[in-house]
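Visitor: Hi! Could you walk me through this one?
Guide: Happy to; let's bring it up.

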Amino acid sequence: MYTNTRPELESGTRALSARHYTAPEYFQTELEKIHYRMWLHAGRVEHLPKPGSYFLVELGTESIIVLRDEDLGLRAFYNVCRHRGTRLCQHGRGLLPGKIQCPYHAWTYSFDGTLISAPLMDKTCGFSLLDHPLQPVAVDTWDGHVFINFAADPAPLSEHLADLPQKFKPWGMEHLQQAAEIVYSINANWKLIIQNYSECLHCPLLHPQLQQLSHYMSGENDPPQPTYLGGRMDLREGIATLSQDGASPWAALPGLGRNEQRGIYYYAILPNLLLNLHPQYMLTFTLWPQACDRTEIVCRWSFHPDELAREGFDPSSAVDFWDLTNRQDWEVSELAQQGIRSRAYRPGLYSNREELLFALDQFVVGKCGSA
Amino acid sequence: MYTNTRPELESGTRALSARHYTAPEYFQTELEKIHYRMWLHAGRVEHLPKPGSYFLVELGTESIIVLRDEDLGLRAFYNVCRHRGTRLCQHGRGLLPGKIQCPYHAWTYSFDGTLISAPLMDKTCGFSLLDHPLQPVAVDTWDGHVFINFAADPAPLSEHLADLPQKFKPWGMEHLQQAAEIVYSINANWKLIIQNYSECLHCPLLHPQLQQLSHYMSGENDPPQPTYLGGRMDLREGIATLSQDGASPWAALPGLGRNEQRGIYYYAILPNLLLNLHPQYMLTFTLWPQACDRTEIVCRWSFHPDELAREGFDPSSAVDFWDLTNRQDWEVSELAQQGIRSRAYRPGLYSNREELLFALDQFVVGKCGSA
Amino acid sequence: MYTNTRPELESGTRALSARHYTAPEYFQTELEKIHYRMWLHAGRVEHLPKPGSYFLVELGTESIIVLRDEDLGLRAFYNVCRHRGTRLCQHGRGLLPGKIQCPYHAWTYSFDGTLISAPLMDKTCGFSLLDHPLQPVAVDTWDGHVFINFAADPAPLSEHLADLPQKFKPWGMEHLQQAAEIVYSINANWKLIIQNYSECLHCPLLHPQLQQLSHYMSGENDPPQPTYLGGRMDLREGIATLSQDGASPWAALPGLGRNEQRGIYYYAILPNLLLNLHPQYMLTFTLWPQACDRTEIVCRWSFHPDELAREGFDPSSAVDFWDLTNRQDWEVSELAQQGIRSRAYRPGLYSNREELLFALDQFVVGKCGSA
């Protein structure tokens with residue numbers, strides 16, 4: 001039925017050595033050279049419905065406040081008071097009352113980050129409110145996705161996304177609304193999660209349920225791009241979507257053509273968004289590396305508002321299918337992390353079904369050097 | 001009602017950089033240069049009522065036995081057997097039966113630390129009981145407070161205390177007896193705990209209950225001293241003490257004059273005792289740094305014995321008030337520790353209400369250098 | 001009754017300094033120079049009854065599969081797939097279905113370690129199944145004990161065992177079968193466990209129950225050997241074995257003479273087997289160092305099959321006696337680990353009842369140098 005028609009891999013296309021996955025110093029380098037420089041998926045605009053709405057994102061030692069300001073624009077700031085460094089917000093999501101006030105000494109910032117009140121600082125020589133704004137983090141959006149960037153002067157998000165906005169326009173992601181969210185904590189390096197996502201060679205053995213709905217040899221990948229890796233797989237005949245039984249109680253998204261309704265799109269938008277588009281729903285995985293061997297993953301299922309509004313709407317056959325599949329993937333990723341720690345580990349050769357993994361390795365080594 | 005009449009702070013009075021709070025090596029330097037050289041508050045003499053009474057104190061990797069000897073003197077020793085290093089005592093408090101015996105091979109020490117028995121060591125050439133006493137730690141007392149000092153030849157405790165014995169004589173601390181104790185474990189650097197204690201600029205926002213009883217702008221601080229930092233705050237009109245309702249079911253301590261009955265005294269006796277005197281009771285916080293980001297705090301409430309003997313004596317309105325206030329302080333200190341870890345943290349300017357914090361920073365940097 | 005007739009210890013026979021027990025780097029050196037080079041006790045052949053039977057052993061970051069192959073020989077391999085490093089087996093024991101298959105991408109190995117299937121690797125230039133066998137670990141047996149060796153070309157196990165096979169032949173260990181197993185996790189260095197096992201000077205105080213059955217001054221040690229340390233102690237008059245009441249519901253092992261039935265044999269076969277032979281049963285402790293301050297110990301009680309087959313066979317008076325004794329030993333070993341961390345710790349002199357400990361120290365320093 002399917003044959004392996006992808007090009008041959010050159011000799012020497014091996015995985016990375018162990019230290020790329022196990023050395024705390026290399027992890028720190030990755031944060032500095034990759035995560036603190038590139039656009040990072042942070043969440044969805046719908047979680048910031050009105051002025052003062054905010055959510056936090058946590059990456060390594062960093063905590064960032066992403067909020068909607070009075071003019072309905074988005075802002076992001078380090079969650080660090082300019083007085084004595086106290087974290088300003090503690091809860092993952094919430095609504096701020098027109099300002100950001102430090103719980104310690106009541107230093108108060110407007111939504112544009114300006115320090116507007118600092119009690120009893122008038123007797124400190126040289127102190128000026130204007131010198132102490134919150135430290136900003138760049139923020140931008142794409143079709144309802146919120147991205148942040150720690151760099152001082154980042155290139156536009158549109159450059160980072162390249163042709164993806166055009167490619168994924170038919171799914172109308174800006175209209176979709178979240179129906180479910182699960183947060184996973186995995187004892188594996190963030191790259192192992194992306195690698196796991198970037199090949200389906202493991203599907204027959206690890207995901208028998210998935211394999212019944214979508215053949216692991218179906219579909220093709222795009223050539224690797226500087227900022228994303230991805231491709232498509234086909235649904236089997238008679239299968240409407242990835243769900244517990246392959247049926248879809250939900251209508252296809254309105255903008256999709258016949259061909260797009262027969263495939264599942266798997267894209268890794270580097271370095272932290274796994275975008276997984278189904279004919280009827282969007283699944284996103286947002287990766288927050290916490291240590292060389294620990295990654296937090298926020299997994300969200302979003303549907304068309306017409307479906308959410310339908311009486312009896314129930315996302316559970318999509319959520320349950322993927323929660324099962326995710327747990328299979330996280331477990332084997334943890335087994336890989338454990339095995340890579342061994343003194344016997346030697347980087348193995350990739351198959352030509354793993355060409356995206358080799359591209360990810362080259363991306364990382366290109367940014368960070370070899371470990 | 002109150003105005004900020006303290007002197008202006010010079011330009012550049014900034015907090016310390018992050019590594020002073022986050023680097024394990026700097027923490028180790030602090031132990032070596034400060035805690036292992038200065039007098040440390042260890043507890044109260046009343047916990048050592050008779051020969052053989054002992055308690056343990058734990059600081060970093062160290063465990064110390066503080067005990068009352070046969071002559072009713074106090075002794076302190078490292079909790080380390082001279083044979084193979086085994087910890088001699090395991091329980092935090094207890095009564096020793098006339099000697100200290102290692103649970104492993106029964107090496108036995110008298111209360112003056114002399115090794116008096118070491119079974120079957122007679123066939124080891126050159127072994128002498130006299131060569132293997134417990135390693136002593138200096139110990140002394142002040143008005144019922146027990147202090148220890150790890151230094152080989154420490155200056156007298158009286159030098160360390162300077163004018164404090166005179167200043168606090170009216171409270172008659174030597175007569176007071178403990179009515180309650182709570183041990184807290186806080187994920188924050190020990191200096192953040194002292195800093196939190198050394199200013200009330202945070203009180204209006206963080207401690208609304210406290211603010212109702214004692215105005216945060218009331219009172220004044222002493223000029224910073226080499227071994228202590230502190231000052232006084234006033235009780236509001238009609239408020240008898242710091243308690244859940246501001247009333248006092250307990251009589252004022254007998255030695256106090258009218259003025260002393262209207263104030264609360266907050267002193268940080270460096271590096272590990274926070275002495276907090278109320279008209280009717282004494283509150284102490286003993287700080288045991290365990291890591292750069294973890295501190296154990298033993299909090300004790302002590303009252304006059306006449307009150308303790310009174311039928312229906314109940315310390316709970318003082319204990320509950322402070323337990324609430326403490327938890328507010330510990331939480332915000334942990335938020336400060338988290339924020340200071342951020343790459344965005346920059347030391348901020350102090351207000352002139354935080355002059356004691358700047359003095360603490362100078363004390364630490366004077367002993368340990370900059371991180 | 002007993003006198004201390006062992007030879008005098010020379011002056012200067014001191015314990016090792018703290019870093020030998022507390023430095024992670026020294027622990028790593030020990031693994032490299034000792035555990036990864038010497039024969040390690042791994043388990044019992046009876047746990048590998050038929051082709052495909054396997055168990056895992058875990059040491060530091062390593063996981064090893066020990067299995068019985070199709071020809072009933074034993075094999076051991078690193079539990080690391082040659083593709084992307086994934087751990088092949090997850091469960092501690094089990095039965096493999098004729099092959100070892102990686103759960104990730106189905107790379108499949110025969111029981112001799114040959115890679116026999118690697119799906120879709122045909123388009124990778126230069127890939128050959130023959131180049132990717134599982135990495136072997138040497139394995140051998142002695143009287144039912146399975147040993148493994150990480151070294152590339154180890155000396156024979158028989159060299160390592162020296163005269164022990166002859167010495168312990170009467171116990172017929174190859175016939176014994178396991179009746180109970182307890183796994184302990186101890187917060188102490190592996191050497192402290194062996195040291196604890198190698199002297200009974202601590203018995204009167206720590207093990208009053210044991211002391212009632214076997215006098216701590218009874219018996220003698222062999223002179224220290226390059227690969228083992230050990231000796232014998234006597235059972236008291238009227239005591240049949242080490243059990244809760246000193247009685248034995250079990251017959252003596254058939255090969256033992258009168259003298260052997262009156263003693264308990266304590267041997268440390270370096271670096272990880274404590275072999276403890278009783279007249280009626282065998283007790284083994286297999287030590288798996290996990291960190292400088294953590295050791296996992298697998299403790300097994302084995303009896304003669306005639307006893308196991310007897311109606312009402314009950315090993316509990318042996319198991320319970322030793323479980324109590326073990327817990328006493330583990331607790332004091334943890335107290336030693338804690339005390340050795342102290343800045344006050346100075347290596348103490350050994351008694352001449354601790355000559356095997358000094359021999360262990362010399363063995364370690366001979367392999368690894370001083371810390």
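**Symmetry, contacts and domains**

Guide: This is a predicted model. Chain A can be laid on chain B by a turn of 120° and a shift of 0.1 Å along the axis, with an RMSD of 0.0 Å.

Visitor: What relation is that?
Guide: That is the relation of a three-fold axis.

Visitor: And which C-alpha in chain A is nearest the axis?
Guide: That of A:Pro24, which lies 9.2 Å from the axis.

Visitor: Switching to the contact between the chains: how many residues come from chain A and from chain B?
Guide: Chain A gives 26 residues and chain B gives 29 residues.

Visitor: How does the side of chain A that touches chain B divide by class?
Guide: On that side of chain A there are 11 nonpolar, 10 polar and five charged residues.

Visitor: OK, now inside the chain. What domains does chain A have?
Guide: The domain assignment splits out domain 1 (40-153) and domain 2 (162-371) in chain A.

Visitor: How many Å apart are their C-alpha centres?
Guide: The centres of domain 1 and domain 2 of chain A lie 31 Å apart. As for the contact between these domains, 12 residues come from domain 1 of chain A and 13 residues from domain 2 of chain A.

Visitor: Which strands of chain A supply at least two residues each on the domain 1 side?
Guide: Strand 1 (40-44) and strand 2 (53-59) of chain A each do so, on the side of domain 1 that touches domain 2.

Visitor: And the classes there?
Guide: The side of domain 1 of chain A that touches domain 2 of chain A has four nonpolar, four polar and four charged residues.

How values were computed: Residues are numbered from 1 along each chain as its sequence is written. Chains are lettered from A and ligands numbered from 1 in the order in which they are written. This is a predicted model: local features need pLDDT of at least 70, side-chain atom pairs count only at pLDDT 80 or more; totals for chains, interfaces and linings use all residues. Two residues are in contact if their C-beta atoms, placed from the backbone, lie within 7 Å. Ala, Val, Leu, Ile, Met, Phe, Trp, Tyr, Cys and Pro count as nonpolar, Asp, Glu, Lys and Arg as charged, and the others, Gly among them, as polar. Copies are superposed by least squares on the C-alpha atoms of residues with pLDDT of at least 70 in both. Domain bounds come from an automatic or database domain assignment. Helices (H or I, at least four residues) and strands (E, at least two) are DSSP runs, numbered from the N terminus.
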